[in-house]
Amino acid sequence: MKNYTELSDIKDLQQLITEALELKKSTSTLEIGKGKTLGMLFFNPSLRTRLSSEKAAKLLGMEVMVMNAGSDSWKLEFEDGAVMDSDKAEHIKEAAAVLSQYCDIIAVRAFPDLKDKEKDEAETVLNSFKKFASVPVVNLESATGHPLQALTDAMTISELNKKDKPKVVLSWAPHPKTLPQSVPNSFAEIMQNLDVDFVITNPEGYDLNPKITKNVSVIHDQAEALKDADFVYVKNWSSYENYGQKLSEDRNWTFSAKKLKLTNNAKVMHCLPVRRNMVIADEVLDSENSVVIQQAGNRTFAAQAVLKRILEEKVQAKDLGKNA
Ligand code: SN0
């Protein structure tokens with residue numbers, strides 16, 4: 001694996017999931033990352049992604065450097081040819097090249113602005129790091145995807161599943177803010193690569209990008225969609241059609257005990273942070289059905305599997321005498 005910026009960077013999903021589950025059982029720190037540094041840049045807040053990635057890197061023997069790029073560093077300019085007379089003091093060309101001398105892997109979190117669909121879909125921040133860094137780049141949630149979360153989700157479903165082909169439902173929920181489509185996009189993408197019966201349910205106007213959902217059935221009647229579900233992934237996202245807008249805060253979509261009763265005693269998932277009693281009711285989050293804590297725990301091992309793959313590829317490339 002050269003970079004991990006999108007799910008298509010994974011060539012063997014089942015094998016990577018197996019490896020992540022094996023890493024979870026292992027108690028030893030590996031040597032492969034010794035003398036190597038992971039640099040993480042956050043343009044947005046984080047709890048799990050930051051700490052699980054740091055832990056994953058350390059379990060591989062790596063050193064870790066973290067920076068809140070939005071507040072601690074110089075403001076970065078991404079536009080080619082810009083006359084830099086604004087508040088942006090440093091161009092990504094220098095920043096990425098310099099960081100590449102300090103770090104062996106650069107990981108970046110950069111949410112969408114949710115104002116201009118084309119601009120967000122261009123993934124300027126992530127792609128600029130890919131373009132101007134000379135070391136591998138990892139996506140810690142970008143404008144359109146959260147592949148580390150999706151790998152964790154797939155790992156958690158594999159770990160808990162007892163059926164040949166479980167029914168998995170991605171269920172929209174109300175939220176006071178407008179949130180990215182990144183988490184549901186990546187979840188929808190990875191579910192299409194697993195042997196599951198996958199359904200999405202959301203109110204009208206909240207259909208995700210059809211290029212991502214492809215042939216997945218989208219059911220606007222939540223009760224119908226939840227029938228016989230073995231896993232329910234609850235998540236809010238802002239409208240894709242009316243880009244970045246909040247069209248509804250309909251509490252009828254909150255995932256409550258009543259909704260849970262419609263399922264096959266489903267395991268309930270969420271990437272966290274979760275707004276209690278808005279997205280998921282206390283009675284569900286505090287029940288045996290909720291697996292959100294186990295899911296968050298798995299973030300470490302999904303990240304560890306990915307970082308390990310990247311380091312292995314670097315070692316291989318070096319052995320072959322290539323400039324890795
Ligand atoms: C982010 C999102 O993409 O939905 C990160 C999830 C991993 N979530 C939020 O920004 C939630 C913020 C809030 O105020 O609840």
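Mentor: A cavity is a set of grid points where a 1.4 Å probe fits but cannot get out. Keep that in mind, since we're looking at a predicted model. The structure holds two cavities of 30 Å³ or more.

Trainee: How much space lies in the largest cavity?

Mentor: About 40 Å³. The second largest has a volume of about 30 Å³.

Trainee: What makes Leu38 a lining residue of the largest cavity?

Mentor: A lining residue has an atom within 4 Å of a cavity point. Leu38 is on the lining list, along with Met40, Ser53, Ala107, Val138, Leu140, Leu148, Ala303, Val306 and Leu307. Strand E1 (37–42) and helix H12 (292–319) are the elements that give two or more residues to this lining. H12 has the largest share, with three residues.

Trainee: How do the lining residues of the largest cavity divide into nonpolar, polar and charged?

Mentor: Ala, Val, Leu and Met count as nonpolar, while Ser falls among the polar ones. So the split comes out as nine nonpolar, one polar and no charged. In the second largest cavity, the lining has four nonpolar, three polar and two charged residues. Among its lining residues are Lys235 and Arg275, and Lys and Arg count as charged.

Trainee: Back to H12. What is the handedness of its crossing with H6?

Mentor: Right-handed. The axes of H6 (residues 147–160) and H12 come within 8 Å and cross at roughly 115°.

Trainee: And which residues make the contact?

Mentor: Contact means heavy atoms within 4.5 Å. Those making it include Leu148 and Leu151 of H6, plus Ala303 and Val306 of H12. By class, this contact has eight nonpolar, six polar and three charged residues.

Definitions and conventions:
Residues are numbered from 1 along each chain as its sequence is written. This is a predicted model: local features need pLDDT of at least 70, side-chain atom pairs count only at pLDDT 80 or more; totals for chains, interfaces and linings use all residues. Side-chain values use heavy atoms; hydrogens and water are left out. On a 1 Å grid over the protein atoms alone, a cavity is a set of points where a 1.4 Å probe fits but cannot get out, and a pocket is an open set with protein on both sides within 12 Å along at least five of seven lines; lining residues have an atom within 4 Å of a point. Grid points are joined across faces, edges and corners, and a volume is the space filled by probe spheres set on the points. Helices (H or I, at least four residues) and strands (E, at least two) are DSSP runs, numbered from the N terminus. Axes are lines fitted to C-alpha atoms, for helices over the stretch in contact, and angles run from 0 to 180 degrees between N-to-C directions. A crossing is left-handed if the near helix is turned anticlockwise from the far one by less than a right angle, and right-handed if clockwise.
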